[in-house]
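Subject: Structure handover and findings

Dear colleague,

Please find below the structure that I am handing over to you. My findings follow it, and I would be grateful if you could read them alongside the coordinates.

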Amino acid sequence: MKWNRLFLKRLDIYLIKKFLGTYFFSIILIISIAVVFDYNENIDKFTTNHAPLMGIITYYANFVPYFSNLFSPLFVFISVIFFTSKLAENSEIIAMMSTGMSFNRLMRPYMISAAIIAVLSFYLGSYVIPKGSASRLNFETVYKKKKKIEFAQNVQLQVDTGVIAFIEHFDGRTKTGYHFSLDKFVDKKLVSHLTAASVSYDTLSDVRYRWRIKNYTLREMKGMREFISHGSEMDSIIAMEPSDFLMTRNQQETLTNPELREYVIKQRARGSGNVKPFDVEYHKRFATPFASFILTAIGLSLSARKRKGGMGLYLGIGLALSASYILLQSISSTFAINADWHPMIAVWFPNILFTIIAFILYKKAPQ
């Protein structure tokens, strides 16, 4: 009996090593190919735009973890299908089950491996990769796409309860807004109205949200009386930043989970309409790692039985299913951003659907 328990522990370690080894090997292989293709495709742009060598190296150092994590469900599925089909082909699974091992017991090391991948994926995607994504996206903007957003027009946002700011034109290079107004309401009644020729963000100040207002006129309503004052310049604390006006491409990917949550809460309080991509990204960081468990269960259920034709059929099915999952995830996210789908429902819908598929395949798996 003691030997049997020892055997099962060794078997768990054996399967976990097989799973994780195949997973990381597939990542290294496929992402290496992707890096080579991406570099060959963009080498002319790098040369034309005089991209520095260290900048290119840093770009691909951030490129690898981002796309590895993005396509983690694909790598999980391929890994499970590949090495489990190999085990079935060599009659190793038959030997395991001949000792009295159930399919549920066989699934245990697979789920442990999936948990390791899920935790790693969540940590990287929520706290590590966003920091590198800021550098990666900035490099793409400067040396690949040449489309950096420097201006914004007709920006309106709520900077505090009952306080509405409006900037007709904002220049991101100088961090200056032109034709600025600030309205304050109390019980839906306008109590002050400030207009200014320009407003500039004080980048040298240690105080956050410090703005310098120039050539302003302030109207204050107190009961039936109105007071008007003018000035050439004054400093003011206004709860807004240049980043609130200039939305860069895929900016949500550059924020860690706490920063994403804080941004979503702040923008909702302001009544901003651009919060959905950030909300979708937040929920996706929880849903995507969970897919490791679902796709592992599907892969194991498909490939545990020894059949004629080898692993080619299962690899094809695995690729099709994992590609379908990624495609469905993209489609549902688009519906959340452009339609009225709730971000959480949209992001978790692929997981719910594939959980049903996993349960059906599990019931048909060799028990």
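In which loop does Tyr209 lie? Tyr209 is placed between β4 (189-201) and β5 (210-222), in the loop that links these two elements. Please bear in mind throughout that this is a predicted model.

Backbone and loops

Although Tyr209 is not a glycine, its phi is positive, at about 70 degrees. Its relative accessible area is 17%, and because buried means under 20%, Tyr209 is classed as buried. Lys175 also has a positive phi without being glycine, with a value near 55 degrees. Its position is the loop between β2 (163-171) and β3 (176-186). With a relative accessibility of 30%, Lys175 counts as partly exposed.

The largest pocket

The volume of the largest pocket is about 640 Å³. Its lining comprises 27 residues, of which Tyr66, Leu70, Glu253, Glu281 and Lys284 are the closest to the centre. Two or more lining residues come from each of α2 (53-70), α5 (103-145), α7 (276-303) and α8 (312-338). Sorted by class, the lining contains 11 nonpolar, 12 polar and 4 charged residues.

Helix α2 and its contact with α3

One of the elements that contribute to this lining, α2, was examined further. How far apart are the end C-alpha atoms of α2? They are 26 Å apart, and this agrees with the expected span, because 18 residues at 1.5 Å a residue should also cover 26 Å. The buried residues of α2 are Gly55, Ile56, Tyr59, Tyr60, Asn62, Phe63, Tyr66, Ser68 and Asn69. Among them, Tyr66 is also one of the residues closest to the centre of the largest pocket.

Helix α3 (residues 72-89) packs against α2 at an angle of about 65 degrees, and the two axes are 4 Å apart. On the α2 side of the contact are Phe67, Ser68, Asn69 and Leu70, which meet Ser72, Pro73 and Phe75 of α3. By class, this contact has 4 nonpolar residues, 3 polar residues and no charged residues.

Leu124 in helix α5

Leu124 belongs to helix α5. At 26% relative accessibility, Leu124 counts as partly exposed. Its C-alpha atom is separated by 8.1 Å from that of Pro65, a residue 59 positions away along the chain. When neighbours within four places in sequence are left aside, Leu124 is in contact with Ile129 and Pro130.

Residues in the strands

Ser181 is located in strand β3. Is Ser181 buried or exposed? Ser181 is buried, since its relative accessible area is 12% and the cut-off for that class is under 20%. Not counting residues up to four places away in sequence, Ser181 touches Ile164, Ala165, Phe166, His193, Leu194 and Thr195.

Gln153 is found in strand β1 (residues 151-160). With residues up to four places away in sequence not counted, Gln153 touches Ile167, Glu168 and His169. Phe166 lies 13 residues from Gln153 along the chain, and the C-alpha atoms of the two are separated by 9.9 Å. Phe166 also appears among the residues that Ser181 touches.

Yours faithfully

Notes. Residues are numbered from 1 along each chain as its sequence is written. This is a predicted model: local features need pLDDT of at least 70, side-chain atom pairs count only at pLDDT 80 or more; totals for chains, interfaces and linings use all residues. Side-chain values use heavy atoms; hydrogens and water are left out. On a 1 Å grid over the protein atoms alone, a cavity is a set of points where a 1.4 Å probe fits but cannot get out, and a pocket is an open set with protein on both sides within 12 Å along at least five of seven lines; lining residues have an atom within 4 Å of a point. Grid points are joined across faces, edges and corners, and a volume is the space filled by probe spheres set on the points. Ala, Val, Leu, Ile, Met, Phe, Trp, Tyr, Cys and Pro count as nonpolar, Asp, Glu, Lys and Arg as charged, and the others, Gly among them, as polar. Axes are lines fitted to C-alpha atoms, for helices over the stretch in contact, and angles run from 0 to 180 degrees between N-to-C directions. Contact means heavy atoms within 4.5 Å. The expected span of a helix is 1.5 Å times one less than its number of residues. Buried means under 20% relative accessible area, exposed over 50%, partly exposed in between (1.4 Å probe, protein chains only).
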